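Let's walk through this structure together, moving from the whole chain to a few chosen places. Keep the 3D view open as you read.

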Amino acid sequence: MQLKSVIGLARNVRYHRFGKCTICGKNTMFLSFDGHAAPHVRERLHCASCKSVSRQRHVALEMLRAFERKETSLQEARAFFRTLKIYSASSGDAMSQVLGKDNSNYVVSEYFPDVPAGEKKNGVQCQNLEALTFKDSEFDVVITEDVLEHVVNFKKALSEIHRVLKKGGFHIFTVPLLLDSPTVERAIVEQTGTIKHLLPPEYHGDPIRGEILAFRTFGYDIFSMLSEIGFDATLSPTFFQMTLKHAIADSYVIVSRKR
Ligand SMILES: [Zn+2]
(Lines give C-alpha, C1' and ligand atoms only; values in the text may rest on other atoms or scores of the structure.)
Protein backbone atom coordinates (compact mmCIF):
# COMPACT_ATOMS: atom_id res chain seq x y z
CA MET A 1 0.00 0.00 0.00
CA GLN A 2 1.29 3.47 -0.88
CA LEU A 3 2.24 5.89 1.89
CA LYS A 4 -0.41 8.30 0.52
CA SER A 5 -3.12 5.66 1.07
CA VAL A 6 -1.89 4.89 4.60
CA ILE A 7 -2.03 8.59 5.50
CA GLY A 8 -5.52 8.86 3.91
CA LEU A 9 -6.72 5.82 5.86
CA ALA A 10 -5.51 7.33 9.14
CA ARG A 11 -6.99 10.75 8.36
CA ASN A 12 -10.40 9.24 7.49
CA VAL A 13 -10.59 6.97 10.50
CA ARG A 14 -14.00 8.38 11.49
CA TYR A 15 -15.51 7.36 8.12
CA HIS A 16 -14.43 3.72 8.14
CA ARG A 17 -17.17 1.36 9.16
CA PHE A 18 -18.00 -2.28 9.63
CA GLY A 19 -20.82 -3.82 7.68
CA LYS A 20 -21.89 -6.48 5.21
CA CYS A 21 -20.95 -6.20 1.55
CA THR A 22 -23.88 -6.65 -0.87
CA ILE A 23 -21.50 -8.01 -3.50
CA CYS A 24 -19.02 -10.41 -1.88
CA GLY A 25 -21.25 -11.11 1.14
CA LYS A 26 -18.42 -10.65 3.65
CA ASN A 27 -18.89 -9.00 7.02
CA THR A 28 -15.99 -6.67 6.66
CA MET A 29 -14.49 -3.22 7.02
CA PHE A 30 -15.25 -0.44 4.52
CA LEU A 31 -12.37 1.94 4.12
CA SER A 32 -11.97 5.44 2.82
CA PHE A 33 -8.48 6.10 1.52
CA ASP A 34 -8.40 9.83 0.97
CA GLY A 35 -9.32 12.94 2.86
CA HIS A 36 -12.64 13.46 1.10
CA ALA A 37 -15.21 11.06 2.49
CA ALA A 38 -17.86 13.68 1.75
CA PRO A 39 -19.39 14.68 -0.61
CA HIS A 40 -18.20 11.86 -2.90
CA VAL A 41 -18.88 8.88 -0.67
CA ARG A 42 -20.47 7.06 -3.59
CA GLU A 43 -17.01 6.48 -5.08
CA ARG A 44 -15.46 5.48 -1.77
CA LEU A 45 -15.87 3.23 1.25
CA HIS A 46 -13.97 0.38 -0.39
CA CYS A 47 -14.87 -3.13 0.76
CA ALA A 48 -11.71 -4.56 2.33
CA SER A 49 -12.57 -7.90 0.74
CA CYS A 50 -13.77 -7.27 -2.86
CA LYS A 51 -12.72 -3.58 -3.23
CA SER A 52 -16.25 -2.54 -4.29
CA VAL A 53 -17.26 1.06 -3.61
CA SER A 54 -20.54 2.41 -2.24
CA ARG A 55 -22.10 2.96 -5.70
CA GLN A 56 -21.36 -0.60 -6.85
CA ARG A 57 -22.85 -2.08 -3.68
CA HIS A 58 -25.96 0.04 -4.25
CA VAL A 59 -26.37 -1.41 -7.77
CA ALA A 60 -26.00 -4.91 -6.29
CA LEU A 61 -28.64 -4.10 -3.67
CA GLU A 62 -31.05 -2.95 -6.39
CA MET A 63 -30.45 -6.16 -8.34
CA LEU A 64 -31.41 -8.17 -5.26
CA ARG A 65 -34.50 -5.99 -4.78
CA ALA A 66 -35.51 -6.11 -8.45
CA PHE A 67 -35.76 -9.90 -8.28
CA GLU A 68 -37.22 -9.85 -4.74
CA ARG A 69 -34.36 -11.91 -3.36
CA LYS A 70 -34.17 -12.57 0.37
CA GLU A 71 -30.37 -12.79 0.30
CA THR A 72 -28.41 -9.64 1.13
CA SER A 73 -25.48 -10.20 -1.22
CA LEU A 74 -24.91 -11.29 -4.80
CA GLN A 75 -22.52 -13.96 -3.50
CA GLU A 76 -25.33 -15.60 -1.53
CA ALA A 77 -27.75 -15.25 -4.47
CA ARG A 78 -25.10 -16.33 -6.97
CA ALA A 79 -26.82 -19.55 -8.05
CA PHE A 80 -29.96 -17.58 -8.96
CA PHE A 81 -28.18 -14.77 -10.80
CA ARG A 82 -26.10 -17.24 -12.81
CA THR A 83 -29.34 -18.45 -14.40
CA LEU A 84 -30.00 -14.93 -15.77
CA LYS A 85 -28.44 -13.45 -18.87
CA ILE A 86 -26.68 -10.30 -17.66
CA TYR A 87 -24.75 -7.68 -19.63
CA SER A 88 -22.53 -5.20 -17.79
CA ALA A 89 -20.76 -2.38 -19.59
CA SER A 90 -17.84 -2.66 -17.15
CA SER A 91 -15.24 -5.39 -16.92
CA GLY A 92 -13.13 -6.45 -13.97
CA ASP A 93 -15.27 -5.01 -11.19
CA ALA A 94 -16.30 -6.81 -8.01
CA MET A 95 -19.70 -7.82 -9.43
CA SER A 96 -18.13 -9.51 -12.44
CA GLN A 97 -15.74 -11.36 -10.10
CA VAL A 98 -18.69 -12.76 -8.13
CA LEU A 99 -21.20 -13.40 -10.94
CA GLY A 100 -19.11 -13.61 -14.08
CA LYS A 101 -16.46 -16.18 -13.25
CA ASP A 102 -16.79 -19.21 -15.57
CA ASN A 103 -20.28 -17.99 -16.49
CA SER A 104 -21.06 -17.37 -20.17
CA ASN A 105 -24.44 -15.88 -19.13
CA TYR A 106 -22.59 -12.86 -17.72
CA VAL A 107 -21.26 -10.69 -20.53
CA VAL A 108 -18.95 -7.71 -19.97
CA SER A 109 -17.60 -5.12 -22.33
CA GLU A 110 -15.59 -1.92 -22.54
CA TYR A 111 -15.51 0.68 -25.30
CA PHE A 112 -12.23 0.76 -27.22
CA PRO A 113 -12.35 3.34 -30.04
CA ASP A 114 -9.74 1.36 -32.04
CA VAL A 115 -11.49 -2.03 -31.87
CA PRO A 116 -14.54 -3.16 -33.95
CA ALA A 117 -17.63 -3.85 -31.82
CA GLY A 118 -17.88 -7.48 -30.78
CA GLU A 119 -14.12 -8.07 -31.06
CA LYS A 120 -11.77 -8.35 -28.10
CA LYS A 121 -8.86 -6.35 -26.78
CA ASN A 122 -6.77 -7.82 -23.94
CA GLY A 123 -9.49 -10.46 -23.55
CA VAL A 124 -12.32 -7.93 -23.12
CA GLN A 125 -15.06 -7.51 -25.69
CA CYS A 126 -15.56 -4.08 -27.26
CA GLN A 127 -19.11 -2.73 -27.43
CA ASN A 128 -20.45 0.65 -28.45
CA LEU A 129 -23.65 1.26 -26.50
CA GLU A 130 -25.06 3.24 -29.44
CA ALA A 131 -24.83 0.15 -31.69
CA LEU A 132 -24.73 -3.06 -29.65
CA THR A 133 -23.97 -6.25 -31.55
CA PHE A 134 -26.29 -8.35 -29.35
CA LYS A 135 -29.57 -9.89 -30.51
CA ASP A 136 -32.98 -8.44 -29.65
CA SER A 137 -34.39 -9.50 -26.27
CA GLU A 138 -31.20 -11.28 -25.26
CA PHE A 139 -30.73 -10.10 -21.66
CA ASP A 140 -32.61 -10.18 -18.37
CA VAL A 141 -30.45 -7.41 -16.90
CA VAL A 142 -28.23 -4.67 -18.33
CA ILE A 143 -25.95 -2.75 -15.96
CA THR A 144 -24.25 0.53 -16.75
CA GLU A 145 -22.45 2.40 -13.99
CA ASP A 146 -21.55 6.01 -14.70
CA VAL A 147 -21.26 5.31 -18.43
CA LEU A 148 -24.16 7.10 -20.15
CA GLU A 149 -22.86 10.60 -19.43
CA HIS A 150 -19.86 9.71 -21.62
CA VAL A 151 -21.88 8.43 -24.59
CA VAL A 152 -22.36 10.97 -27.41
CA ASN A 153 -25.95 9.94 -28.26
CA PHE A 154 -27.37 8.62 -25.01
CA LYS A 155 -30.93 8.27 -26.34
CA LYS A 156 -29.64 5.90 -29.00
CA ALA A 157 -27.78 3.99 -26.28
CA LEU A 158 -30.94 3.72 -24.16
CA SER A 159 -32.89 2.52 -27.22
CA GLU A 160 -30.23 -0.12 -27.84
CA ILE A 161 -30.36 -1.25 -24.21
CA HIS A 162 -34.15 -1.44 -24.55
CA ARG A 163 -33.78 -3.53 -27.71
CA VAL A 164 -31.42 -6.12 -26.19
CA LEU A 165 -33.48 -6.51 -22.99
CA LYS A 166 -36.26 -9.06 -22.68
CA LYS A 167 -39.73 -7.71 -21.97
CA GLY A 168 -39.78 -7.04 -18.21
CA GLY A 169 -35.97 -7.01 -18.10
CA PHE A 170 -34.12 -4.46 -16.03
CA HIS A 171 -31.63 -1.74 -16.91
CA ILE A 172 -30.07 -0.94 -13.55
CA PHE A 173 -27.78 2.04 -13.78
CA THR A 174 -26.06 5.01 -12.23
CA VAL A 175 -25.27 8.41 -13.67
CA PRO A 176 -24.32 11.64 -11.93
CA LEU A 177 -27.78 13.12 -11.46
CA LEU A 178 -29.16 16.61 -10.76
CA LEU A 179 -32.47 16.33 -8.95
CA ASP A 180 -33.26 20.05 -9.18
CA SER A 181 -32.49 20.65 -12.86
CA PRO A 182 -33.19 19.17 -16.27
CA THR A 183 -30.29 17.52 -18.10
CA VAL A 184 -27.40 19.88 -18.78
CA GLU A 185 -25.60 19.26 -22.09
CA ARG A 186 -21.93 20.04 -21.53
CA ALA A 187 -20.55 19.15 -24.97
CA ILE A 188 -21.78 18.01 -28.39
CA VAL A 189 -20.15 16.42 -31.41
CA GLU A 190 -20.54 18.54 -34.53
CA GLN A 191 -21.20 17.13 -38.00
CA THR A 192 -17.50 17.51 -38.77
CA GLY A 193 -16.80 15.13 -35.87
CA THR A 194 -15.21 17.77 -33.67
CA ILE A 195 -16.28 18.19 -30.07
CA LYS A 196 -17.83 21.54 -29.22
CA HIS A 197 -17.78 22.42 -25.53
CA LEU A 198 -20.88 24.26 -24.31
CA LEU A 199 -19.53 24.40 -20.75
CA PRO A 200 -16.04 24.01 -19.30
CA PRO A 201 -15.06 20.40 -20.02
CA GLU A 202 -15.60 17.92 -17.20
CA TYR A 203 -13.49 14.77 -17.24
CA HIS A 204 -14.08 11.67 -15.14
CA GLY A 205 -11.46 9.10 -14.21
CA ASP A 206 -11.71 5.81 -16.09
CA PRO A 207 -9.79 2.65 -15.19
CA ILE A 208 -9.27 1.71 -18.86
CA ARG A 209 -8.86 5.00 -20.70
CA GLY A 210 -7.58 7.37 -18.02
CA GLU A 211 -9.81 10.42 -18.28
CA ILE A 212 -13.02 10.64 -20.34
CA LEU A 213 -15.21 13.60 -21.18
CA ALA A 214 -18.69 13.90 -19.68
CA PHE A 215 -20.99 15.11 -22.47
CA ARG A 216 -23.74 15.95 -20.00
CA THR A 217 -24.99 15.87 -16.45
CA PHE A 218 -28.37 14.17 -16.31
CA GLY A 219 -31.32 15.81 -14.60
CA TYR A 220 -34.85 14.86 -13.58
CA ASP A 221 -36.06 14.78 -17.20
CA ILE A 222 -34.24 11.47 -17.66
CA PHE A 223 -37.38 9.76 -16.35
CA SER A 224 -39.67 11.15 -19.06
CA MET A 225 -37.03 10.26 -21.68
CA LEU A 226 -36.87 6.70 -20.35
CA SER A 227 -40.65 6.48 -20.47
CA GLU A 228 -40.70 7.64 -24.12
CA ILE A 229 -38.22 4.91 -25.01
CA GLY A 230 -40.37 2.25 -23.34
CA PHE A 231 -39.12 1.91 -19.77
CA ASP A 232 -40.85 2.26 -16.43
CA ALA A 233 -38.14 3.79 -14.30
CA THR A 234 -37.84 4.56 -10.62
CA LEU A 235 -35.14 6.29 -8.64
CA SER A 236 -33.71 4.53 -5.63
CA PRO A 237 -31.82 6.86 -3.33
CA THR A 238 -29.92 5.62 -0.31
CA PHE A 239 -31.75 5.68 2.97
CA PHE A 240 -29.16 6.08 5.66
CA GLN A 241 -30.45 3.85 8.43
CA MET A 242 -31.20 0.99 6.08
CA THR A 243 -28.16 1.14 3.86
CA LEU A 244 -25.31 2.14 6.15
CA LYS A 245 -25.03 -1.47 7.32
CA HIS A 246 -23.78 -2.13 3.77
CA ALA A 247 -21.72 1.10 3.73
CA ILE A 248 -23.89 2.51 0.94
CA ALA A 249 -24.34 6.27 1.05
CA ASP A 250 -24.62 9.37 -1.14
CA SER A 251 -25.89 7.33 -4.04
CA TYR A 252 -28.76 7.12 -6.54
CA VAL A 253 -29.57 4.12 -8.69
CA ILE A 254 -32.12 4.15 -11.50
CA VAL A 255 -34.07 0.93 -11.90
CA SER A 256 -35.58 0.97 -15.36
CA ARG A 257 -37.78 -1.86 -16.55
CA LYS A 258 -38.67 -2.61 -20.16
CA ARG A 259 -42.40 -2.46 -20.70
ZN1 LIG B 1 -17.18 -6.88 -0.80
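What follows goes from the overall fold to the metal site, then to the strands and some single residues.

Please bear in mind that this is a predicted model. The chain has seven helices and 17 strands. Its radius of gyration is 18 Å, close to the 18 Å that the globule rule gives for 259 residues, so the chain is as compact as a globular protein of that length. Along the principal axes, the C-alpha atoms fill a box of roughly 50 × 45 × 40 Å. Of the 259 residues, 50% are buried. If you look at contacts between residues at least 6 apart in sequence, 57% of them join residues at least 24 apart. As for the surface, the chain exposes about 12,700 Å², and carbon and sulfur atoms supply 54% of that area.

Now turn to the zinc ion. Which residues hold it? The ligands are Cys 21, Cys 24, Cys 47 and Cys 50, each through its SG atom, at 2.3 Å. The angles among the four donor atoms run from 105 to 116°, and the site is tetrahedral. Along the chain, the donors follow the spacing C-x2-C-x22-C-x2-C. Cys 24 lies in the loop between β1 (17-20) and β2 (27-31), while Cys 47 belongs to strand β3 (residues 46-47), so this pair ties together parts that are 23 residues apart in sequence. Both Cys 24 and Cys 47 are buried.

The strands just named also form a sheet of their own. It is an open sheet of three strands in the order β1-β2-β3, with antiparallel pairing. Its edge strands are β1 and β3, each of which pairs on one side only. Between β2 and β3 there are two bridges, in the antiparallel sense. To find this pairing in the view, start at Leu 31, whose bridge partner in β3 is His 46.

From here, follow the chain to its other end and find His 246. This residue sits in the loop between α7 (240-243) and β17 (252-258). Is His 246 buried or exposed? With 5% relative accessibility, His 246 counts as buried. Leaving aside neighbours within four places in sequence, His 246 is in contact with Lys 20, Thr 22, Phe 30, Arg 57, Leu 61 and Thr 72. You can also pick out Lys 51, which is 195 residues from His 246 along the chain, with 13 Å between their C-alpha atoms.

Next, look at strand β8 and its partners. All seven of the seven residues of β8 are buried, so the strand is largely enclosed by the rest of the structure. Strand β4 (residues 86-88) pairs with β8 in the parallel sense over three bridges. One place to see this is Ile 86, whose bridge partner in β8 is Val 141. Strand β9 (residues 165-174) also runs parallel to β8, and six bridges join the two. Here Ile 143 has Ile 172 of β9 as its bridge partner. In general, strands of a sheet pair through backbone hydrogen bonds, either parallel or antiparallel.

Two loop residues deserve a look for their backbone angles. Most residues other than glycine have a negative phi. Glu 68, although not a glycine, has a positive phi of about 50°. Its place is in the loop between α2 (54-66) and α3 (78-81), and with a relative accessible area of 68% Glu 68 is exposed. Ser 137 likewise has a positive phi, near 50°, in a residue other than glycine. Ser 137 lies in the loop between β7 (124-125) and β8 (139-145). Its relative accessible area is 39%, which makes Ser 137 partly exposed.

The last stop is Lys 120, found in strand β6 (residues 120-121). At 61% relative accessibility, Lys 120 counts as exposed. Not counting residues up to four places away in sequence, Lys 120 touches Val 115 and Gln 125. Ser 109 is 11 residues from Lys 120 in sequence, and the two are 8.8 Å apart in space, C-alpha to C-alpha.

Technical notes
Residues are numbered from 1 along each chain as its sequence is written. This is a predicted model: local features need pLDDT of at least 70, side-chain atom pairs count only at pLDDT 80 or more; totals for chains, interfaces and linings use all residues. Side-chain values use heavy atoms; hydrogens and water are left out. Donors are N, O and S atoms within 2.8 Å of the metal (3.2 Å for Na, K and Ca); water is not among the atoms, so sites may look incomplete. Four donors count as tetrahedral if all angles lie between 85 and 135 degrees; four count as square planar and six as octahedral if opposite donors are over 155 degrees apart and all others between 65 and 115; anything else is irregular. Helices (H or I, at least four residues) and strands (E, at least two) are DSSP runs, numbered from the N terminus. Buried means under 20% relative accessible area, exposed over 50%, partly exposed in between (1.4 Å probe, protein chains only). Two strands pair if DSSP finds at least two bridges between them. The radius of gyration is taken over C-alpha atoms; the globule rule is 2.2 Å times the number of residues to the power 0.38. Contact means heavy atoms within 4.5 Å. Accessible areas come from the Shrake-Rupley method with a 1.4 Å probe; for residues, only the protein chains shown count as cover.
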